[in-house]
Amino acid sequence: MFKKLFATPQHGMSDEDYSHLTKYQIDFVSILFIILAIFLFALSLPIYYFYGHKLGSFASGLYSGLFAGAISIKLWSVIYLSNPHEVHRRKIKDTDERVQQVRQRADALTLKILLVIAYLTFILGLSYFTEYYWYLATPIVLILILQYSLRWLFTKLL
Amino acid sequence: MKNRIQELRKSRHMTQAELADKLEVTRQTIISLEKGKYNASLTLAHNIASFFQLTIETVFIFEEDKTDV
C-alpha cells in the first residue's frame with residue numbers, strides 16, 4: 001500500500017498503469033482530506049465553546065477548505081483521467097528524466113532560497129525583538145534537521 | 001558528451017516531436033540532447049540506440065575531459 005502510495009511514475013509504464021497509479025494516489029489524498037475535514041467539523045463545536053469565536057472560525061475555515069480541496073482534486077482527476085490524450089501527455093511529462101532532473105534542481109534551489117530568507121528574518125529579528133527572537137531560529141533548525149535526517153535516511157535506504 | 005541524434009533523426013526524415021513521441025520523452029528533451037545541453041541516462045541512451053538500431057557508442061561519442069591531465 002505505502003509503496004504504491006509514494007510510487008513515482010516510471011519511464012516505460014503504460015498509460016493505463018499511469019492512470020491507475022494517479023487515481024489511487026488522488027483517491028487517497030481526497031479521502032484523507034475528507035477524514036480530516038470531518039474530524040475538524042466534529043471538533044469545531046467544542047473549539048467554539050471552549051476557545052472562543054476566533055479559533056472556532058479558523059477551524060470552520062480549515063474544514064471547509066479541506067472539503068472543497070478534496071472535492072476539487074477528485075473532480076479534476078475525473079476530468080483529466082477520462083481524456084486519454086491528456087493522460088498520455090501528463091505521463092510523458094512525469095516520466096521524462098530531464099523534467100524530473102529540472103524539478104529536483106528547482107526544489108533544491110527553493111530550499112536554499114528559503115534557508116537564506118529564514119537566516120535574514122532571524123538576523124533582522126535580532127534587532128527588533130529583544131525577548132523572543134530565538135523563535136525565529138525555529139524554521140532554520142527544523143529545515144536543517146529535516147534535510148540532514150533525510151540525507152542520512154536515504155543513504156541507508158537507497 | 002556529443003551525440004549523433006540530430007543527424008540520425010534527419011536521415012530518417014523525422015521531426016523532433018515524432019522522435020520524442022516514439023521515445024516517450026518531451027520534445028524539449030530531444031532539443032536539449034541534440035544541442036548537447038543534456039546528457040542522457042543509461043536507460044534513455046539505450047532506448048535511443050535501440051530505436052536507431054545502433055549501439056550506444058555509435059550514437060553517443062564520449063569525450064574524455066581534456067582539462068583533467
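How far apart do the end C-alpha atoms of residues 132-154 of chain A lie, and what percentage of the span is helix? The end C-alpha atoms lie 35 Å apart, and the span is 74% helix and 0% strand. Helices here are DSSP runs of H or I with at least four residues, strands are runs of E with at least two, and both are numbered from the N terminus.

This is a predicted model, in which local features need pLDDT of at least 70 and side-chain atom pairs count only at pLDDT 80 or more, while totals for chains, interfaces and linings use all residues. Residues are numbered from 1 along each chain as its sequence is written, chains are lettered from A and ligands numbered from 1 in the order in which they are written, and side-chain values use heavy atoms, with hydrogens and water left out.

**Annotated spans of chain A**

UniProt, in an unreviewed entry, lists residues 28-50, 62-81, 108-126 and 132-154 of chain A under "transmembrane region". The same kind of record gives "coiled-coil region" for residues 85-112 of chain A. UniProt positions follow the numbering used here, feature names are shortened, and annotations may be inferred rather than shown by experiment. Over residues 85-112 the chain is 96% helix and 0% strand, with end C-alpha atoms 37 Å apart. Residues 108-126 are 100% helix and 0% strand, and their end C-alpha atoms are 27 Å apart.

**Domains of chain A**

Chain A is divided into domain 1 (1-95) and domain 2 (97-158), with bounds from an automatic or database domain assignment. The domain centres, taken over C-alpha atoms, are separated by 26 Å. Four residues from each of domain 1 and domain 2 of chain A take part in the contact, where contact means heavy atoms within 4.5 Å.

The size of an interface is often given as the accessible area lost when the parts come together. Buried area is that loss for two parts, with a 1.4 Å probe, summed over both. Domain 1 and domain 2 of chain A bury about 310 Å² between them, 28% of it on carbon and sulfur atoms. On the domain 1 side, A:Lys93, A:Asp94 and A:Thr95 lose the most area, together 92% of what that side buries.

**Salt bridges**

A salt bridge is a side-chain nitrogen of Lys or Arg within 4 Å of a carboxyl oxygen of Asp or Glu. The structure holds nine over all chains, among them the following.

| Residue | Partner | Closest N and O atoms |
|---|---|---|
| A:Asp94 | A:Arg103 | 3.3 Å |
| A:Asp27 | A:Lys23 | 3.2 Å |
| A:Lys91 | B:Glu24 | 3.1 Å |

One salt bridge is counted between the two domains of chain A. A:Asp27 and A:Lys23 are separated by about one helical turn because they are four residues apart in helix α2 (residues 15-51) of chain A.

**Interface of chain B and chain A**

13 residues of chain B are in contact with 13 residues of chain A. The two chains bury about 1000 Å² between them, 48% of it on carbon and sulfur atoms. B:Glu24, B:Thr26 and B:Tyr38 supply 55% of the area that chain B buries against chain A, more than any other three residues.

One salt bridge is found across this interface. The count of residue pairs in polar contact is six (both at pLDDT 80 or more). A polar contact is a pair of N or O atoms within 3.5 Å; within protein, one must be able to donate a hydrogen and the other to accept it, and residues adjacent in sequence count only if both atoms are side-chain atoms.
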